Amino acid sequence: MPDVTLTTLQGLKRKGEKITMLTCYDATFAKTASEAGVEILLIGDSLGMVLQGHDSTLPVTVDEMAYHTACVKRGNRGALILADLPFMANATPEQTLNNCATLMRAGAHMIKLEGAGWLAEAIGQLADRGVPVCAHLGLTPQAVNLLGGYKVQGREEAAANRLIEDAKALERAGAAMILVECIPTELGAHLTSELGIPVIGIGAGPHTDGQVLVMHDMLGLSLSGRTAKFVKNFMNGHTSISAAFAAYVREVKSGEFPAAEHGFAA
């Protein structure tokens, strides 16, 4: 697979071809996923839960994110590498710039920030300095305590309209991509049609420009034993992890995944 760039992703959106993303935290899985055709490897702060055993993403540090980003870079075979900026790592403009620089030096091609419209100033500053940004909207796990748990967002009309306006504002500020989590399927479709940049969904329905899942979830691995509604176990019917990754890519590209059963109503 040729190296995936922002230009690649923009071209896929224009053509209407779905984009595939999986979380990844080490070199071996980076090699396996990228060779299976996954276009974006996300070093998610989800590592705090699936690797470290915490009950949220909040304990993860920038140094830990940089370590795992460097590991993924060593195994990657052409995918675009996206790294999360962890909880409170963007509390000030100077802190945001320095921490994003740390992750880019570790091997990231793009940085993901969680939040809402208030991210616009930081995104503009980063874009001006050559740092592509993916803005994470909807259910933002770093704000789980404020949100009162892991709940579907944007079900009320006012909240849905606010999410769309926030996304437009962040696109104008220079965001290169939007990731939206746990919103109604209809809102996911509307949001995607309103933006010129790629929109990646997780629990946002089949109409976004692409899909992402936590790798451990799609391999049927869970510390809690609970499975989110939007997750599918791609190990079912396959005898290897590489085959499961390939099935994920194939089903996202064909539109088979996510199905209606993986989405949320308004």
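Here is a short tour of helix crossings, pockets and backbone features in a predicted model.

Visitor: Why are α2 and α4 called oblique?

Guide: Look at the angle. The axes of helix α2 (residues 27-35) and helix α4 (residues 62-75) cross at roughly 45°. Under 35 degrees would count as roughly parallel, and 65 to 115 as roughly perpendicular. The value of roughly 45° fits neither range, so α2 is oblique to α4. The two axes come within 7 Å. The crossing of α2 past α4 is right-handed.

Visitor: What makes the contact between α2 and α4?

Guide: From α2 come A27, A30, K31 and S34. From α4 come C71, V72 and G75. By class, that contact holds four nonpolar, two polar and one charged residue. Lys counts as charged, and K31 belongs to this contact.

Visitor: How do you know that α2 and α11 are oblique to each other?

Guide: Use the angle again. The axes of α2 and α11 cross at roughly 45° and come within 8 Å. Roughly parallel needs an angle under 35 degrees, and roughly perpendicular needs 65 to 115. The pair α2 and α11 is therefore oblique. Their crossing is right-handed.

Visitor: Which residues of α2 and α11 meet?

Guide: F29, T32 and A33 in α2 meet I241, S242 and F245 in α11. This contact divides into four nonpolar, two polar and no charged residues. Phe, Ala and Ile count as nonpolar, and F29, A33, I241 and F245 are the residues of those kinds here.

Visitor: Why are α5 and α6 called oblique?

Guide: Their axes cross at roughly 45°. That value is not under 35 degrees, and it is not in the range 65 to 115. So α5 and α6 are oblique to each other. The axes come within 10 Å, and α5 passes α6 in a right-handed crossing. P93, T96, L97 and C100 in α5 meet A122, Q125 and L126 in α6. By class, the contact has five nonpolar, two polar and no charged residues.

Visitor: What makes up the lining of the largest pocket?

Guide: The lining has 19 nonpolar, 13 polar and 10 charged residues. The pocket has a volume of about 1,100 Å³. Of its 42 lining residues, M49, V214, D217, A228 and F230 are the closest to the centre. Elements that each supply at least two residues include α3 (47-50), β4 (110-114) and α10 (215-218).

Visitor: Which element gives the largest share of the lining of the second largest pocket?

Guide: That is α8, with four residues. The second largest pocket holds about 560 Å³ of space. Its lining counts 21 residues, and G115, A116, W118, T140 and A143 lie nearest the centre. Besides α8 (157-173), β5 (133-138) and α7 (144-147) also give two or more residues. The lining divides into 11 nonpolar, seven polar and three charged residues.

Visitor: What makes M88 stand out?

Guide: Its phi is near 60°, a positive value in a residue other than glycine. Most residues other than glycine have a negative phi. M88 sits in the loop between β3 (80-84) and α5 (93-106).

Visitor: How do you know that the peptide bond from F257 to P258 is cis?

Guide: Check omega. For the bond from F257 to P258, omega is near 0°, and the bond is cis. Most peptide bonds are trans. P258 is in the segment after α11 (241-254).

Key: Residues are numbered from 1 along each chain as its sequence is written. This is a predicted model: local features need pLDDT of at least 70, side-chain atom pairs count only at pLDDT 80 or more; totals for chains, interfaces and linings use all residues. Side-chain values use heavy atoms; hydrogens and water are left out. Axes are lines fitted to C-alpha atoms, for helices over the stretch in contact, and angles run from 0 to 180 degrees between N-to-C directions. Angles under 35 degrees count as roughly parallel, over 145 as roughly antiparallel, 65 to 115 as roughly perpendicular and the rest as oblique. A crossing is left-handed if the near helix is turned anticlockwise from the far one by less than a right angle, and right-handed if clockwise. Contact means heavy atoms within 4.5 Å. On a 1 Å grid over the protein atoms alone, a cavity is a set of points where a 1.4 Å probe fits but cannot get out, and a pocket is an open set with protein on both sides within 12 Å along at least five of seven lines; lining residues have an atom within 4 Å of a point. Grid points are joined across faces, edges and corners, and a volume is the space filled by probe spheres set on the points.
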